[in-house]
Amino acid sequence: MVRALTVPLVPFVDALPVPQRLVAAEHQGRLTICMRSSAHRFHRDLPESPIWGYDGTVPGPTIEVERGQPVTVEWRNELAGRLPVVVTLAPTATDAEGVPVQCVEGLSGGTPDPHAAALAGYTVAHLHGGLTPASYDGWTENVFAPGQPAVFHYPMDQRAALLWYHDHVMGVTRFNVYAGLAGLWIVRDARERELGLPEGPPFEVPLLIQDRNFDLDGHGRLTGRLVHKTDPEVMEAFPPFTVVNGKIWPVLDVQPATYRFRVINGSNARTYRLVLLRDGQPELDRITQIGTDQGLLGAPARVPPDGLVLASAERADLLIDFSDLVPGTQLTLHNTATAPFDGAPFPAADAAHAADLAGLLPYPQVMAIRIVPGPGTRRTIPAELATDYRPPAPEALAGAPRRAIALVERELDGEPNMLTMRELAIVDDDTGPLDGRHAPDPRPPRPVPDPLPAPDPPRDPRWRHRRPPHHRHRCARTQAGRRPRPHRRRQRTRPERHRPRQPQRDRRDRRPLHHLQRQVHVPLPHPRTRRPRHDAPLRNHARGAHALHELRHEGDVRRPVGVGRRGQLRGSPDQCRLSTTFSAPVAPARPKMSYPSMNWSRPKRCVTNRAASICRAATSRSSVGVE
Ligand SMILES: [Cu+2]
């Protein structure tokens, strides 16, 4: 029997927790973090949830480091017991009332996955965004067992930015992160200090935004046990409750001053479009974006008028001015992005009413901000921010080779589809403008190559997914100016849900690949990456950075994009339209990259108009997208 929630949770009753700070310089650059099984209360009215956490907390401590001061972390795996998450696949996409099961609590008739339930605490820590030697990067296969420690050295030779560390185990990253294994990592540098930006509490506040769901007991009460639920139509989990720093819909008290928020979307798959409201009206003008994944922008930027979009693992450095507000004023942060996010616009003025069951967004609330008495201090924002980063000039790109890489959905007979990355074709170096558009390929269409056998034969279909949750690696740039490609919005309405199942093709067409709506920068390998693995700090980027970085890391998407000879075709450009090409100078005689240990197959079919592309050759260490 499917149980229903009888006691709803009340928003904005828990104070926003600020994770414990761990300043590396105060520990001579040597830190110890223990992964522990523990208990955590996600909401005042919830029982404690069993979790796995770094130092036993959700999120883990926020590690703060200085650029140029190496840090050594001893990661101790002290996890005990089995995965504290119930993983399930609901038998139907909607419940008896036509409500999508992912919008509701509990298992929705699904049975707990015995494979997930049997997972012991094997783990590996990965610093997302770090320029890290391969041996310390936390590759998905480099797991260590409960009881084992691992000592990782991080050079921290990179720009100041908000990074995060999280579990990275092959195939189960999404479950381990969901269980709580995530924390923030802040790199600071001299340039930031010159700007006098808020640093540390109370005026610098990290916000780790995630979505979670919980089980119900026989009386419809939340038990606190974490539930990772998917359904037959949506392979990612899009849990209903928004959790910030480990609390559902918390509230933060602020003084009438300018605050700096280090925001990261740490959800497995959900994209957020954040809108700040006061009395139901958007107040986005209070927000100035000063940084992104890779640190400070060149200049401050306004957030887009319909809200700040953050995909999975994406970060934003924001200054929000509360200095003109009187104590007692309350603002709320709302999410207007449906899931899977298709880029469909939603007016910020309606953000208070953004709830959309069909869009797997039952609760748009994220958190509240309450003004309390205090000295009013308004901060002047410098017109120039970063001085150590310049995008490549168009002239510098003039002679650059182009690579075209597409995200394509690979269809598998009798099984869920998978999203993969494919190199499509080489675009001539000297034709076509480098304006972000793909020049039409004058060559006649080529037949799609026959499929090759997949490297890993599928096992339990529930462990394979049509659209894996993932996050991408992006370069320093602002949210503004992004323009999602036009897509039909998912039009599922209640009556439609009761219609007979449509053919697979049509079903998928109604569910556009939301991952493709936004530009993704993926660096291509360069000669440095050919060094032997043991002494190649950047080799990881030759391998991992070509792949979409997803929280599942199973098979295809983690596979490197093969960079073949010029003119070699691995896909069908007529079937995989490119939205963007981007290139940068590389050595003309760039050697062919090969990955003898990595076997990869071709897609059975590329999906028309579903391919976005990125092509980017790494020109310098600082421009390398990192994971
Ligand atoms: Cu990551």
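How many bridges join strand 14 (residues 241–244) to strand 15? There are 2 bridges between these strands, and strand 14 and strand 15 run antiparallel. Please keep in mind as you read on that this is a predicted model.

## The protein overall

Let's begin with the whole chain. The protein has 627 residues, and 51% of them count as buried. Its secondary structure comprises 6 helices and 31 strands. Among contacts with a separation of 6 or more, 81% are between residues 24 or more positions apart.

## The seven-stranded sheet

Strands 14 and 15 belong to an open sheet of 7 strands, whose order is 15-14-11-17-23-20-21. The pairing in this sheet is mixed. Its edge strands are strand 15 (247–248) and strand 21 (295–302), and each of them pairs on one side only.

If you would like a residue pair to look up where strand 14 meets strand 15, try Val243, which stands opposite Ile248 in strand 15.

## The three-stranded sheet

A second open sheet to look at has 3 strands in the order 6-13-12, again with mixed pairing. Strand 6 and strand 12 stand at the edges with a single partner strand each, so one side of each has no neighbour in the sheet. On average, neighbouring strands here are turned by 55 degrees against each other, direction ignored.

Strand 13 sits between the two in the sheet order. With strand 6 (residues 85–89), strand 13 pairs in the parallel sense over 5 bridges, and Thr88 stands opposite Lys229 in strand 13. With strand 12, the arrangement is antiparallel and rests on 2 bridges; here Leu216 has Leu222 of strand 13 as its bridge partner. Strands 12 and 13 form a hairpin with 5 residues between them, and Gly220 in the turn has a positive phi of about 75 degrees. Strand 13 (residues 222–230) is largely enclosed by the rest of the structure, because 7 of its 9 residues are buried.

## Asn213, a residue between two strands

Asn213 lies in the loop between strand 11 (204–212) and strand 12 (214–216). Is this loop residue, Asn213, buried or exposed? Asn213 is buried, because 25 other C-beta atoms lie within 10 Å, and the cut-off for that label is 20 or more.

Which residues surround it? Apart from neighbours within four places in sequence, Asn213 is in contact with Glu105, Val227, Lys229, Pro239, Pro240 and Phe241. Lys229 is also the residue that Thr88 stands opposite. Leu107 is 106 residues from Asn213 along the chain, yet their C-alpha atoms are separated by 9.6 Å.

## The nonpolar core

In soluble globular proteins, nonpolar side chains tend to be buried together. The largest nonpolar core in this model has 114 residues. Those with the most contacts inside the core are Val85, Ala179, Trp185, Ile209, Val244 and Leu310.

Several of these residues lead back to the sheets described above. Val85 falls in strand 6 (residues 85–89), Ile209 in strand 11 (204–212), and Val244 in strand 14 (residues 241–244). Ala179 touches Val85, and its other contacts are Ile51, Trp52, Leu83, Pro84 and Leu226, not counting residues up to four places away in sequence.

Key
Residues are numbered from 1 along each chain as its sequence is written. This is a predicted model: local features need pLDDT of at least 70, side-chain atom pairs count only at pLDDT 80 or more; totals for chains, interfaces and linings use all residues. A nonpolar core is a set of buried Ala, Val, Leu, Ile, Met, Phe, Trp, Tyr and Cys residues joined through C-beta atoms within 7 Å. A residue is buried if 20 or more other C-beta atoms lie within 10 Å of its own, exposed if 12 or fewer, and partly exposed in between; C-beta atoms are placed from the backbone. Two residues are in contact if their C-beta atoms, placed from the backbone, lie within 7 Å. Helices (H or I, at least four residues) and strands (E, at least two) are DSSP runs, numbered from the N terminus. Two strands pair if DSSP finds at least two bridges between them. Axes are lines fitted to C-alpha atoms, for helices over the stretch in contact, and angles run from 0 to 180 degrees between N-to-C directions.
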